[in-house]
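Q: Could you walk me through the hollows in this model, and then through one of its sheets?

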Amino acid sequence: MFFTIVKRLMLPSERSNFYTQKRSYVDVKMKWKRDSFYESIESIHKSVELRPLIALKNCIARQPEGCIPISAVSKRGFELGLPAKMKVARFMRQYPSVFEEFTGPQYNLPWFRLTPEAVLLHKEEYEAYEHHKLDILVRLKKLIMMSEGKMLPLKIIHGLQWYLGLPEEFLQNEEFNLKGSFRVVDIEDGLHGLAVDCEERFLSVMQKVAMKKGMYGEGSMQPISYPLFPSKGLRLKRKISDWLDEFQRLPYLSPYEDYYKLNPCSDVSEKRVVGVLHEMLSLFVEHSAERKKLLCLRKYLGLPQKFYKAFDRHPHMFYLSLRNKTCTAILKEPYNDKSAIEPHPLSKVRKKYIKLMKESEFILKSRRINNPPAHVERSNLVLDLD
């Protein structure tokens, strides 16, 4: 991965008047560097397996009998988010700590139910939804408040449900779940959107932290420096370092404030883009997301065409992981300063699911030891006869 760094070439006395008007470019290329710390965060990288596991768990939990035949989900692999070419039955058999298989009442078909541990964790998950429903709704509201016109298409919100921590059936019961300042509206091409009627003024995470430190007062466009967390062994070239020092002194524009007067090719506009990405990732459960899943937000959040390159241009703020055959953008701050960003109410529950998933490895290993394949038993028998 390479990126282009922007550097101002104006005198200090001129900068205050021209921050939002001009921008000059200096091409500086730097290779992406792997960081083992961020590559080893299980709650982020295990989500590829956790997401379809929870979807299948919900399919079973919704049934009055608490069990389903494999035929009920065998052809829904893509819909449930399973890895390509992975059969549903095979996936469920990989996690005996979550799914218990038994023979059904008819035709000897395989059926599945939740293990007692999974049932308890399912209850804990939905208790967390109910207890922290207001918090989760505020996170959704903040994301919508960052958009132009305070509205986002429902299909985009549906695509971000996992990251926001919204229950699977959340948007299926709009009248019950979206009371208050939310309302469903019609948008172009026959699509429906979710709008927010709210006069409340939200402060971004950056503003809250700066105010706690006494470095930010009332009013907008005050300078705020982003917290930087350099990866081990990642050294910035002199041109990049000089540009970054100047970038940190630029005025900060909150993602919740109007940006229409900004020149999209200006320095402050670049800082706003970084602020939007920082605030958005701070709202998500694991403070991370697949980069491609964020591209659909460009039009609605007022971001430039190639806004995703900001992840490359600011390696001390964001880390890009290439695990699981995708590119995942990770906000570094919450993994280095746990007091800066409030954790999501569902983060603990998801970590418990991952811990339960890992117990399947021991169960499967125990089964292999206690029940060796038939050809192994036969070979041992021949040896004994000899």
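Below, we take pockets, then a cavity, then a sheet.

A: A quick note before we start: this is a predicted model, where local features need pLDDT of at least 70, side-chain atom pairs count only at pLDDT 80 or more, and totals for chains, interfaces and linings use all residues. Residues are numbered from 1 along each chain as its sequence is written, and side-chain values use heavy atoms, with hydrogens and water left out.

Q: What volume does the largest pocket have, and which residues lie nearest its centre?

A: On a 1 Å grid over the protein atoms alone, a pocket is an open set of points with protein on both sides within 12 Å along at least five of seven lines; a cavity is a set where a 1.4 Å probe fits but cannot get out; lining residues have an atom within 4 Å of a point. Points are joined across faces, edges and corners, and a volume is the space filled by probe spheres set on them. Here the largest pocket comes to about 1400 Å³. Its lining has 49 residues, with Arg51, Pro52, Leu80, Gly81 and Lys293 nearest the centre.

Q: Which helix gives the largest share of that lining?

A: Helices (H or I, at least four residues) and strands (E, at least two) are DSSP runs, numbered from the N terminus. In this pocket the largest share, eight residues, is from helix α4 (residues 47–61).

Q: What about the second largest pocket: which helix gives the most to its lining?

A: That would be α19, with five residues. The pocket's volume is about 470 Å³, and among the residues closest to its centre are Glu286 and Lys351.

Q: How many cavities of 30 Å³ or more turn up?

A: Two, from a search of the whole structure. The second largest has a volume of about 50 Å³; its lining includes Trp243 and His314, and helix α13 (residues 238–248) supplies the largest share, three residues.

Q: Now the sheet: in what order do the three strands run?

A: Strands of a sheet pair through backbone hydrogen bonds, either parallel or antiparallel. Two strands count as paired if DSSP finds at least two bridges between them. This open sheet has the order β11-β13-β12, with antiparallel pairing.

Q: Why is one side of β11 and of β12 left without a neighbour in the sheet?

A: β11 (288–290) and β12 (318–321) stand at the edges and each has a single partner strand, so one side of each has no neighbour there. β12 pairs with strand β13 (residues 328–331) over four bridges, and Tyr319 has Ile330 in β13 as its bridge partner.
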